[in-house]
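User: I'm new to this structure and would like a close look at one part of it. Please pick a starting point and walk me outward from there, in plain language.

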Amino acid sequence: MFTVAQRRSEIANTTATHGHSSVAELALRFDVTQETIRRDLKALEADNLVHRVHGGAVAPLQHNEPAAQEPSFAQAFLRYAPEKKAIAHAALRLLPATSGSMFLDAGTTTAAFAAAMTQHYRDQRWTVVTNSLPAAMTLSIAGVPGINLLGGPMRTFTRAVIGQQAVQTLDSLRADIAFLGTNAISAQHGLSTPDPTAAAVKQAMVRQASQVVVLCDSSKFNQDFLVTFADLDDIDIVVTDSNASPKFLSLLRSHKIEVVQP
């Protein structure tokens, strides 16, 4: 049984680690009412430990983080949140049924997928290798075994481990399946991201996985960023939302990519 102070401390830590927290999930975790959690969040917001949003809270922006340059993980998580949740649940059927190894990429959609995995997990013996701190924390807190967080420097905004150490580790591994996020996907330039260091990690996951699954909402279709990390022909499955353009989905299928939608 948590005291009020202990519960609020845990809520602040959870929100800081994941970038966000849900009233419903917190109420279930601490076995209290949602109204109690809302009072906790109001008190934490007064101390600038969280920022309340509809349905929960996000981590507050620190003064030394240049918000104008790049959205925080928490801010990005809230964009297209219903679509990301639907994509995450649609992708659950692609998980190994009993045991298997997987790479789990960093990003807000893959973080939503990690949260969905905790609801789907029973007694599977997965081995999960990830460069996402939010995903690793979500899975480990839920008691899912076999979680391995890559080592190396971490980006402040995306909470993603990047760098040569992570790439070298991935190059020594082999996974049954990789679940990747992307900033953009197009016919001309495949899958791309603005960050070369993130692209290097994604490339290694693509290179070392037997099957490659991309989790991406349809706002990223027909978009391009600086660095291409995979061609369309490198991808086996794309999981996207129900708003996706039929024309773009036909393009994906012409590259023998399976399309999964909610």
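Analyst: **Starting from one helix**

Let's begin at Pro246, which sits in helix H10, a stretch that covers residues 246-254. Keep in mind that what you're looking at is a predicted model. Is Pro246 buried or exposed? Its relative accessible area is 63%, so it counts as exposed, the cut-off being over 50%. For a feel of distance, look across to Arg159: its C-alpha atom is 33 Å from that of Pro246, and the two residues are 87 places apart along the chain.

Now turn from that exposed residue to the inside. H10 is one of the elements that give two or more residues to the largest nonpolar core. That core has 34 residues, and the ones touching the most other members are Phe103, Leu170, Ile185, Leu191, Phe221, Ile235 and Leu252. In soluble globular proteins, nonpolar side chains tend to be buried together. Besides H10, the elements giving at least two residues here are helices H8 (164-171) and H9 (196-208), along with strands E7 (175-180), E10 (209-215) and E11 (227-230). Which element gives the largest share? That's H9, with 5 residues.

Ile185 is a handy spot for seeing how the core is put together. Setting aside neighbours within four places in sequence, Ile185 is in contact with Phe248 and Leu252, and also with Gly190, Leu191, Cys216, Lys220, Phe221, Asn222, Gln223 and Leu232. Several of those names come back below, so let's follow them.

Take the strands first. Strand E8 (residues 184-186) runs antiparallel to strand E9 (residues 190-193), and 3 bridges join them. One bridge pairs Ser186 with Gly190 in E9. To get from E8 to E9, the chain goes through a hairpin of 3 residues. E9 also has E11 as an antiparallel partner, again with 3 bridges, and here Leu191 stands opposite Ala230. So you meet Leu191 in two roles: it is among the core residues that touch the most other members, and it takes part in strand pairing.

Next comes Asn222, another contact of Ile185. You'll find Asn222 in the loop between E10 and E11. With a relative accessible area of 54%, Asn222 is exposed. Its phi is near 60°, a positive value in a residue that isn't glycine. Something similar turns up in the loop between H10 and strand E13 (258-260), where Lys256 is found. Lys256 isn't a glycine either, and its phi is positive, about 60°. At 75% relative accessibility, Lys256 counts as exposed.

Back inside, there's a second core to visit. It lies apart from the largest one and has 27 residues, including Trp126, Ala135, Ile177 and Leu215. Two of those residues lead us to a run of parallel strands. Strand E4 (residues 99-104) pairs with strand E5 (residues 125-130) in the parallel sense over 6 bridges, with Gly100 partnered by Trp126. E4 runs parallel to E7 too, joined by 3 bridges, and in that pairing Met102 has Ile177 as its partner. E7 then pairs with E10, also in the parallel sense, over 5 bridges; there, Ala175 stands opposite Ala209. How covered are these strands? In E4, 5 of its 6 residues are buried, and in E7, 5 of its 6 residues are buried as well.

One more stop is the open space. The largest pocket holds about 1100 Å³. It is lined by 34 residues, and those closest to its centre are His20, Ser21, Ser22, Glu25 and Ala115. Helix H6 (residues 108-120) gives the most to the lining, with 6 residues. Taken as a whole, the lining is made up of 16 nonpolar, 13 polar and 5 charged residues.

Finally, here's a contrast to the exposed proline we began with. Leu44 is found in helix H3 (residues 34-46). Because its relative accessibility is 4%, Leu44 counts as buried, which takes under 20%. Leaving out neighbours within four places in sequence, Leu44 is in contact with Arg8, Ile11, Ala12, Leu49 and Val50. Its C-alpha atom is 8.8 Å from that of Ser9, although 35 residues separate the two in sequence.

Terms used. Residues are numbered from 1 along each chain as its sequence is written. This is a predicted model: local features need pLDDT of at least 70, side-chain atom pairs count only at pLDDT 80 or more; totals for chains, interfaces and linings use all residues. Side-chain values use heavy atoms; hydrogens and water are left out. On a 1 Å grid over the protein atoms alone, a cavity is a set of points where a 1.4 Å probe fits but cannot get out, and a pocket is an open set with protein on both sides within 12 Å along at least five of seven lines; lining residues have an atom within 4 Å of a point. Grid points are joined across faces, edges and corners, and a volume is the space filled by probe spheres set on the points. Helices (H or I, at least four residues) and strands (E, at least two) are DSSP runs, numbered from the N terminus. Ala, Val, Leu, Ile, Met, Phe, Trp, Tyr, Cys and Pro count as nonpolar, Asp, Glu, Lys and Arg as charged, and the others, Gly among them, as polar. Buried means under 20% relative accessible area, exposed over 50%, partly exposed in between (1.4 Å probe, protein chains only). A nonpolar core is a set of buried Ala, Val, Leu, Ile, Met, Phe, Trp, Tyr and Cys residues joined through side-chain atoms within 4.5 Å. Contact means heavy atoms within 4.5 Å. Two strands pair if DSSP finds at least two bridges between them.
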